[in-house]
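Here's a short problem set to work through with the coordinates open. Try each task before you read the solution below it.

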Amino acid sequence: MSSKVIWDLGFGFGDGLTLIGAFFFAVYIILIDIYTKKIPSQILVSFEILLIAVVSSFLFPIESIFLKQTIHVQFDLKFWIGIIYTSVFATIFTTQIQTRYQKAVSPARAGLLYSLEPVFSYFLAYLVLGERLGMIGAIGSFLTLFGILFSEMGKWNKREE
């Protein structure tokens with residue numbers, strides 16, 4: 001009788017990259033908290049986006065070496081629409097809002113709020129695109145939402161006293 005593995009809970013390369021990314025995003029949240037008190041948010045965001053654009057431009061060719069494949073870019077209308085959308089709306093606009101309003105909350109609370117992103121992504125993908133999430137993903141979204149609500153409940157009770 002052979003045993004069937006239902007869930008592979010091993011730690012892979014992608015998991016490691018995700019963990020490293022989460023660590024650096026936490027550092028980013030703390031740095032935003034520190035520097036928004038010293039530098040106007042427009043200047044901070046402008047410098048941040050310019051630095052990332054320059055670094056990414058130099059790392060793009062190196063990425064194709066690690067992926068061991070040639071990356072072809074076609075500079076057509078779809079390319080430029082994608083560039084404009086991701087640079088203006090998904091980068092400049094959202095980073096400006098995040099930087100401006102993160103001053104109003106602690107880094108811990110900001111991290112909690114940012115961790116809701118995958119939960120909202122799941123709900124929007126379900127509502128707008130009709131996508132379905134597997135059982136593990138649905139449980140993860142529920143636990144994330146529950147964890148954030150649970151962590152905030154203690155703060156709500158303290159305000160009522």
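**Exercise 1. A charged pair**

Work out whether Lys37 counts as buried or exposed, then do likewise for its salt-bridge partner.

*Solution.* Start with Lys37: its relative accessibility is 61%, which is over the 50% cut-off, so Lys37 counts as exposed. Keep in mind that this is a predicted model. Next, find the partner: Lys37 forms a salt bridge with Asp33, and the closest N and O atoms are 3.5 Å apart. That passes the test, because the limit for a salt bridge is 4 Å. Now check Asp33: with a relative accessible area of 14%, Asp33 is buried. Finally, the tally: the structure holds one salt bridge. As background, side chains of opposite charge can pair when their charged atoms come close.

**Exercise 2. The overall layout**

Describe the secondary structure of the chain and how its residues and surface are distributed.

*Solution.* Count the elements: there are six helices and zero strands. Read from the N terminus, the order is α-α-α-α-α-α. Then turn to burial: of the 161 residues, 14% count as buried. For the surface, the chain exposes about 13300 Å², with carbon and sulfur atoms supplying 72% of it. Last, the contacts: taking those between residues at least 6 apart in sequence, 67% join residues at least 24 apart.

**Exercise 3. A nonpolar patch**

Find which elements give two or more residues to the nonpolar patch on the surface, and which gives the most.

*Solution.* List the members: Phe60, Leu67, Ile71, Val73, Phe75, Trp80, Ile83, Ile84, Tyr85, Val88, Phe89 and Ile92 form the patch, with about 1100 Å² of accessible area together. Map them onto the elements: helix 2 (41–67) and helix 3 (77–102) are the ones that give two or more residues. Helix 3 gives the most, with seven.

Now look at two members one by one. Phe75 sits in the loop between helix 2 and helix 3, and its 57% relative accessibility makes it exposed. Phe89 belongs to helix 3 and is partly exposed, with a relative accessible area of 47%. Setting aside neighbours within four places in sequence, Phe89 is in contact with Ile84 and Thr94.

**Exercise 4. Classifying ring pairs**

Decide how the rings of Phe23 and Phe24 pair, and how those of Phe142 and Phe146 do.

*Solution.* You need two numbers for each case, as a pair of aromatic rings is described by the distance of the centres and the angle of the planes. The full count comes to eight aromatic pairs. For Phe23 and Phe24, the centres are 5.2 Å apart and the planes are at 75 degrees, so the pair is edge-to-face. Both Phe23 and Phe24 are exposed.

For Phe142 and Phe146, the centres are 6.2 Å apart and the planes are at 20 degrees; the angle is under 30 degrees, so the pair is stacked. Then place them: both lie in helix 6 (residues 135–160), four residues apart, about one turn of the helix. The geometry behind that is simple: an α-helix has 3.6 residues a turn, so residues three or four places apart point the same way. On accessibility, Phe142 counts as exposed at 54%, whereas Phe146 is partly exposed at 47%.

**Exercise 5. A glutamine and an aromatic cluster**

Identify the residues in contact with Gln98, leaving aside its neighbours within four places in sequence.

*Solution.* Locate Gln98 first: it lies in helix 3. Its relative accessibility is 18%, under the 20% cut-off, so Gln98 counts as buried. Then list the contacts beyond those sequence neighbours: Phe25, Tyr28 and Tyr114. To finish, compare that list with the rings: Phe25, Tyr28 and Tyr114 form one aromatic cluster.

**Exercise 6. Helix 5 and what follows**

Check the span of helix 5 against the expected value, then follow the chain beyond its end.

*Solution.* Helix 5 (residues 117–129) has 13 residues, and the expected span at 1.5 Å a residue is 18 Å. From first C-alpha to last, helix 5 reaches 17 Å, close to that value. Next comes Gly130, with a positive phi near 70 degrees. Further on, Arg132 is in the loop between helix 5 and helix 6 and is exposed, with a relative accessible area of 63%. One last distance: Arg132 and Tyr122 are ten residues apart in sequence and 8.4 Å apart in space, C-alpha to C-alpha.

Technical notes: Residues numbered from 1 in each chain as written. Predicted model: local features only at pLDDT ≥ 70, side-chain atom pairs only at ≥ 80, totals over all residues. Heavy atoms only, no water. Patch = residues over 30% accessible without salt bridge, like charges linked within 9 Å, V, L, I, M, F, W, Y side chains within 5 Å. Areas by Shrake-Rupley, 256 points an atom, 1.4 Å probe, with all protein chains shown as cover. Salt bridge = Lys/Arg side-chain N within 4 Å of Asp/Glu carboxyl O. Buried < 20%, exposed > 50% of the residue type's maximum accessible area, 1.4 Å probe, protein only. Expected span 1.5 Å × (residues − 1). Contact = heavy atoms within 4.5 Å. Phe/Tyr/Trp six-rings, centres within 6.5 Å; stacked < 30°, edge-to-face > 60°.
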